[in-house]
Amino acid sequence: MSVPQSPLFGSVAEVTERLAEAGYLASTAVATTVYLADRLGKPLLVEGPAGVGKTELAKAVAAATSSGLVRLQCYEGIDEARALYEWNHAKQLLRITAGQGRESWDETRDDVFSEEFLLPRPLLTAIRRSAPTVLLVDEIDKADVEVEGLLLEVLSDFQVTVPEMGTIVASRRPFALLTSNSTRELSEALKRRCLFLHLDFPDAELERRIVASRVPQLAESLVEALVRTVRVLRELELRKAPSVAETIDWGRTLLALGLDTLDDDAVRTTLGVVLKHQSDQLKAAAELRLN
Amino acid sequence: MSTAGTIGPGAGPAHGLPGHLVDFVGALRRHRVAVGPGETVDAAEVVTVLDLLHREQVREGLAAALLRRSGQRQVFDALFDLYFPAAIGAGSGEVDVPRIGDGDAGPVDIGALRDLLADLLRNDDDAALAELARAAVEALGRSGAAGVGAERSGAAPSWSAYQALRLLSPETLLAQIMDDLRAAHDEEPSRFADEIARRAIRERIARFRAMINDEVRRRTAETLGREQVARTAVPMQAEQVEFLSAYAEQLAQLRRIVHPLARRLASRLAVRRRHAKRGELDMRRTLRRSMSTGGVPIKPAFRTRRPGRPELVVLCDVSGSVAGFSHFTLLLVQALREQFSKVRVFAFVERTDEVTHLFEPGAELSGVMNRVLREARLVSFDGHSDYGSSFGTFAEYWGDAVTPRSSLLILGDARNNYRDPNLTVLRRLVGQTRHAHWLNPEPRRQWGSGDSAALRYADMLPMHECRTAGQLADVVEALLPV
């Protein structure tokens, strides 16, 4: 492990406060786990449905601690060359041709596998930065199982091994945050190295505050009605339950349409903003007697 | 938290906080939450850096260190409340329970208490509700209620969620709260607004019921010892609830895990497919190739696998006794339908009928079981399961549905009400298919007991025990085609 470094936050309350300054209203669960992840130097694995603010959390932590955000967006088929590092082959070839006839092979080889020809990808970038860094590995569940193996070394020891150059150890441990929509089960090995946070829909009080802070022009009574309706919708067995992002979108929609109450007509015309499936809309309309 | 390890009998020897933490982890393990020693060490570290006076922070911190899956949270919370109780004894509540007479120990005035509860439910104040739950359980357990034959005095206190909820009967407050809300508005609210308010209140009432249950569990743990309570009163993870004994709420919870479960199965399958991309060694082609290298097989040839996406035929008992299991399995099959080239679903009780059209993609699936029972012709005589005649009608009308390309999946408990099991027809059907499997929600030791024909059917096709969603997932994963 690298040199001990001073923690970013002093207490859980301070986490809440500074995240709020960065525009992220954190629940006790979020604040506590962020504090622990920083304090224990462990990566934080955030799991939960789409649109509850997993990626936002990473951005907010970066903003609150004035760290740089390094983001690795995972997708199916992502590999070492995209996640860790790559040699700049074209430049290496140029270098070899340029030096031809003037220097020995040994010199050329040593020069070609040096810093200058290394293309760092997000993981290596995050490790090598000396300034405070938040490393966001987004949607890790989309990546293949092999990438998880790659992450193990990076996340447990915060080091990367480049065979030609040796092992690069982090001079300053980044705050690592992994997000997952749980489309697949992550490997036990990876989970064991992380603190686990299941981010679910916030409680009513918190959601009201989130909507009010994101759409400040919205009247308080309307926010109240909006959140209550969305919470009832979540209780129905729908294909896709509306998330916080959708509540905010709904608020913005009502604002843009200049509606100041959530009456039947308003709901009927704008329900598509929160429910994205036709069958969900039909079901909600029938169950909530909207016809 | 300084009192940890000293609560009640049966708490075991006190080793301070570390010992207590280990006890807690042990309880989690007994509830099939897999926690390794590494996680326990993490939890200990968590406890050292957190302020132990903030109970919610300790709860979240331990959850972050110990849990690895979201479905485990409910079990964790219940056990956490037992091992790290919010208060000892009655606690120091702010809420005064209204009583008959002046004293502090008079019987509880249920009417006034219900009014208080209605106010809190209307105002949606969670903290106050929790306080009220605590005070109400305490007062009702110690002093009883006035005028309902539940007065107690002097006797040992008894904590009962059933009694508290029966006396308070929060459900019956719904109409009163709705009237209050309507009176607060000048104009008549629309039906939609009304419905939203009604459902919101109902959800709060459910929350209050849960609070009463939690509180009673905590108080009981103080008298009986928490190991005892942890064993009997802590809810199971949804995946480990037995289908046959699940109640409505658990079944609804199960339905919510269908899609995550299906996704998990599909992704594991994808991994298996990738690993199995290369088939077995093709001897003939390897030898033919080796001729060009002087008989040395330098480049072996492999058979390429054909992706087999079989047709699936599901025959499913939908009689009352196994309905929960059938429903869940059908939803799972529906969620996995991409893995099959064609799925046909048949339901039966006394006779068989095809219900594939009810499971079309995009169909509304939560009420599908009711539609199956309403629209399909499943009953001919008295409505008791009759496996023999069901197989008979299936073979008669849809016998051509099973082909050598199809897999047959039969769901049911094989309780045949002592009727003819019709083994000949089933044997013929099994012979026509590529694979046939039977999923049985009963525990294996009960197979063949009483009117169960399970063992006789099991002679003809492999029968798997599927008592819980977890077990079902394992079986289905093993059966899915690579």
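In this predicted model, helix H3 of chain A, which covers residues 54-64, has as its buried residues A:Lys54, A:Leu57, A:Ala58, A:Ala60, A:Val61, A:Ala62 and A:Ala64. Just after H3(A), the backbone at A:Ser66 adopts a positive phi of about 40°. One of the buried residues of this helix, A:Leu57, returns below in the description of the nonpolar cores.

**The nonpolar cores**

The largest nonpolar core comprises 96 residues, and those with the most contacts inside it are A:Leu57, B:Phe24, B:Leu62 and B:Leu79. Helix H2(A) supplies the largest share of this core, namely eight residues. Which residues does B:Phe24 touch, once its neighbours within four places in sequence are left aside? The contacts of B:Phe24 are then with B:Leu62, B:Leu66, B:Phe76, B:Leu79, B:Phe80, B:Tyr83 and B:Phe84, and among these partners B:Leu62 and B:Leu79 are themselves listed with the residues that have the most contacts inside the core. A second core, separate from the one just described, has 43 residues and includes B:Ala238, B:Leu269, B:Val355 and B:Val368.

**The five-stranded sheet of chain A**

Chain A contains an open sheet of five strands, in the order E2-E5-E8-E1-E9, with parallel pairing. Strand E2 (68-73) and strand E9 (195-198) stand at the edges with a single partner strand each, and therefore one side of each of these two strands is left without a neighbour in the sheet. From one strand to the next, the twist averages 20°. In general, the strands of a sheet pair through backbone hydrogen bonds, in either a parallel or an antiparallel arrangement.

Strand E1 (residues 44-47) of chain A is joined by four bridges to strand E8 (residues 175-180) of chain A, the two running parallel, and in this pairing A:Val46 stands opposite A:Thr179 in E8(A). The pairing of E1(A) with E9(A) is likewise in the parallel sense and extends over four bridges, with A:Leu44 standing opposite A:Leu195 in E9(A). Are the residues on the two faces of E1(A) buried or exposed? Both faces are covered, since A:Leu44 and A:Val46 on one side, and A:Leu45 and A:Glu47 on the other, are all buried. Helix H2 (residues 28-40) of chain A lies across E1, E8 and E9 of that chain, and runs at about 165° to E9(A); this is the helix from which the largest share of the largest core comes.

**Positive phi outside glycine**

Phi of A:Glu139 is near 50°, a positive value in a residue other than glycine, and A:Glu139 lies in the loop between strand E5 (133-138) and helix H8 (145-157) of chain A. With a relative accessible area of 22%, A:Glu139 counts as partly exposed. In chain B, Ser169 has a positive phi of about 25° although B:Ser169 is not a glycine, and its place is in the loop between helix H7 (161-168) and helix H8 (173-184) of chain B. B:Ser169 is also partly exposed, with a relative accessible area of 22%.

**Each chain as a whole**

The secondary structure of chain A comes to 14 helices and nine strands. The radius of gyration of chain A is 24 Å, well over the 19 Å that the globule rule gives for 291 residues, so chain A is more spread out than a compact globule. Along its principal axes, the C-alpha trace of chain A spans about 85 × 40 × 35 Å. For chain B, the secondary structure comes to 18 helices and ten strands. Further totals for the two chains are set out in the table.

| Chain | Buried residues | Share of contacts (separation of 6 or more) from residues 24 or more positions apart | Accessible surface, with the part from carbon and sulfur atoms |
|---|---|---|---|
| Chain A | 50% of 291 residues | 74% | about 12,900 Å², 51% |
| Chain B | 50% of 482 residues | 72% | about 23,000 Å², 52% |

Terms used:
Residues are numbered from 1 along each chain as its sequence is written. Chains are lettered from A and ligands numbered from 1 in the order in which they are written. This is a predicted model: local features need pLDDT of at least 70, side-chain atom pairs count only at pLDDT 80 or more; totals for chains, interfaces and linings use all residues. Side-chain values use heavy atoms; hydrogens and water are left out. Two strands pair if DSSP finds at least two bridges between them. Axes are lines fitted to C-alpha atoms, for helices over the stretch in contact, and angles run from 0 to 180 degrees between N-to-C directions. Contact means heavy atoms within 4.5 Å. The radius of gyration is taken over C-alpha atoms; the globule rule is 2.2 Å times the number of residues to the power 0.38. Buried means under 20% relative accessible area, exposed over 50%, partly exposed in between (1.4 Å probe, protein chains only). Accessible areas come from the Shrake-Rupley method with a 1.4 Å probe; for residues, only the protein chains shown count as cover. A nonpolar core is a set of buried Ala, Val, Leu, Ile, Met, Phe, Trp, Tyr and Cys residues joined through side-chain atoms within 4.5 Å.
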